[in-house]
Amino acid sequence: WIARDASAVWHPFTQHAAWTEDRPVVVDRAEGPWLIDVDGRRLLDGVSSLWTTTLGHGHPDINAAIAAQLAKLDHSTFLGTTHTPGIELSEALIALAPKGDGPKLTKVFYAGDGSSAVEAALKIAYQYSTQTGQSRPTFVRLNHAYHGDTLGAVAVGGHDLFHQAYKPLLLETIGVSSPGDRALGEDRNAIAIAELGSVMRRAGEQVCAIIVEPMIQGAAGMLDYNASFLRAARELADAYGALLIFDEVATGFGRTGKMWAAEHAGVVPDLLTCGKGITGGYLPLSAVLAAEHVYEAFLTRPGDTTPRTFFHGHTYTANPLCCAAALANLRVMGEQDVIGQAARLGERLAKLLEPVGAKEGVVEIRQLGTMIGVEVAPRGDRTGFAVCQAARERGVWLRPLGDTVVLMPPLTLGDDETDLLVNALAEAVDEVTA
Ligand code: PMP
C-alpha cells in the first residue's frame with residue numbers, strides 16, 4: 001500500500017523526499033481513540049485525526065444519526081432549498097454561541113472546512129465594510145497565526161514560509177506581534193496590545209477586521225496567551241469600526257475545556273468561525289456564526305440600487321449528513337457533559353505531564369484544556385518528528401509542529417489511554433533527547 005500510495009497520491013503538506021522516513025500509517029479501521037492499520041496494529045490517536053474526533057471514532061450515536069439521515073435525504077443544495085437538520089443545527093449553534101455584552105451571534109453561514117469558513121468570514125467582513133458605506137481592504141492578523149490554506153486564509157495567517165510561497169496573490173494585511181510569542185519575553189502580552197493599538201491608530205480606518213485564534217494559536221505550536229489581549233482587541237475593533245473575527249476552528253466544541261475559547265475571556269466577536277469538532281470530527285462541515293448587525297447589512301432595503309447579496313456558497317454547503325452528525329454530536333456533548341470531561345482530562349494531563357516538563361530535553365509545555373504542545377529541545381534535525389516516531393513505536397500516534405509535539409486526544413479519553421499517551425511521550429522524549 002505504501003508503494004502504491006507513493007506512486008499515485010499527492011498528500012497535503014508533504015515533501016515527497018521525506019517519505020522514506022515519514023511513512024504514512026495505512027489506516028484500515030478506527031474505533032474510539034484507536035486507529036487500526038491494515039496489518040491490524042493498533043495506534044492510540046493522540047491528535048484526534050488532526051484535532052477533530054472529539055468523541056473518538058465510530059461513536060454509535062453519531063453513526064446512527066448519519067445512517068438515519070442517509071435513509072431520508074443524502075444531499076440537497078442549500079441554494080434555494082433548506083432542510084430540517086440544517087435549520088435545527090443553526091438553532092443549536094446559536095443557542096450555544098458565546099454570549100455577553102457585545103454583539104449577538106444570531107445567524108449561521110455554513111461552509112465545508114475550516115479554511116472555507118475563514119474565507120467566508122473574510123469576504124463577509126470586507127463586504128460588510130462596503131455595505132456600511134466604506135471600503136476597507138485591510139485585515140489585521142497575528143504573527144504565527146494559522147487560519148487555513150485557501151488564499152484568503154493564507155494571507156491572514158502569519159506563517160512566513162506560506163507568505164513567501166504565494167506573496168503576489170495575497171490580500172492586504174498588517175501583521176501584529178502575537179501575545180503568545182515566547183520570543184517577545186515576559187512582556188509579550190503588553191507588547192502585542194501596544195502594537196495592535198498603534199496599528200489601529202495608524203490604519204484603523206482601512207481595517208475591515210481583526211482576526212485571531214482566541215486564547216491559543218494552535219498550528220503555531222500551541223502558543224497560549226492572556227485573555228486581556230482579546231478584550232483589548234474587542235475595544236480597538238469597536239473604537240475603529242472594524243469587525244472582530246475569532247477563528248475557533250481548532251478551539252471550538254470543548255477542546256479548551258469550555259465550549260468556546262472566547263468564554264475564557266468573556267469576549268464575543270462579530271464573526272466566529274468553527275469546524276473540525278463540529279460533527280464530532282466525522283464529516284467535513286464548518287460554519288461562520290455571524291452577529292445580527294453584520295447579517296442586517298446584507299439585507300436588501302427599499303431603494304437599494306445594487307443587491308446586497310453575499311456572493312458565496314458551495315455545492316456541499318450544509319450537507320444534511322454532516323448536519324445530522326453535528327446535531328448528534330452536540331446532543332451527546334450535552335447529555336454526557338463532554339465539556340466537563342474535557343476540563344477534567346485537561347487537568348489530569350497537566351498533572352501527568354509535570355514530570356515530562358521537568359525533563360532536560362523539554363523546553364516548555366503549553367496547554368489550554370486538551371490543546372497541548374510539548375516543545376522539545378532540538379537535537380539535530382526534526383527532533384519533534386523523531387519524538388513522534390518514537391511514540392509511534394510505542395503504540396501512540398502523534399504529529400509535531402516543528403519541535404513542538406502536539407497532544408490533542410479525544411475529549412472523552414479514558415484513564416488507561418491517557419496514561420499510555422503520556423508514558424509513550426515521556427519514553428519517546430527520553431529516547432530522542434537523552
Ligand atoms: N483555522 C484554524 C485555527 C485551524 O487550526 C485550522 C486547521 N488546523 C484551520 C483554520 C483550517 O481548517 P481546515 O484544515 O479544516 O481547512
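These legends describe close-up views of a predicted protein model.

Local features need pLDDT of at least 70 and side-chain atom pairs count only at pLDDT 80 or more, while totals for chains, interfaces and linings use all residues. Residues are numbered from 1 along each chain as its sequence is written.

**View 1. The protein chain is divided into two parts, domain 1 and domain 2.** Domain 1 covers 2–59 + 337–433 and domain 2 covers 66–335; the bounds come from an automatic or database domain assignment. Their C-alpha centres lie 27 Å apart.

**View 2. Domain 1 meets domain 2 through 27 residues, which are in contact with 24 residues of domain 2.** Contact is counted where the C-beta atoms of two residues, placed from the backbone, lie within 7 Å. On the domain 1 side, the elements giving two or more residues are helix 2 (48–51), helix 13 (338–357), strand 13 (362–368), strand 14 (371–376) and strand 17 (404–407). Helices (H or I, at least four residues) and strands (E, at least two) are DSSP runs numbered from the N terminus. Helix 13 supplies the largest share, 5 residues. By class, this side of domain 1 has 12 nonpolar, 13 polar and 2 charged residues. Here Ala, Val, Leu, Ile, Met, Phe, Trp, Tyr, Cys and Pro count as nonpolar, Asp, Glu, Lys and Arg as charged, and the others, Gly among them, as polar.

**View 3. The ligand has 14 residues around it.** A residue belongs here if its C-beta atom, placed from the backbone, lies within 6 Å of the molecule. Asp113, Gly114, Ser115, Gly148 and Val249 come nearest. Helix 5 (residues 114–131) gives the most to this shell, with 3 residues. The shell comprises 5 nonpolar, 6 polar and 3 charged residues.

**View 4. Lys276 is placed in the loop between strand 11 (271–274) and strand 12 (286–291).** An unreviewed UniProt entry annotates Lys276 as "modified residue: N6-(pyridoxal phosphate)lysine"; such annotations may be inferred rather than shown by experiment. Lys276 counts as buried because it has 28 C-beta neighbours inside 10 Å, the cut-off for buried being 20 or more within 10 Å. Leaving aside residues up to four places away in sequence, Lys276 touches Trp51, Thr52, Gly114, Val249, Ala250 and Gly281.

**View 5. An open sheet is formed by 4 strands in the order 1-2-3-15, with mixed pairing.** Strand 1 (27–31) and strand 15 (396–397) stand at the edges with a single partner strand each, so one side of each has no neighbour in the sheet. Strands pair if DSSP finds at least two bridges between them. Strand 1 pairs with strand 2 (residues 34–37) in the antiparallel sense over 4 bridges. Glu31 stands opposite Trp34 in strand 2.

Note on methods
Buried ≥ 20, exposed ≤ 12 C-beta atoms within 10 Å, placed from the backbone.
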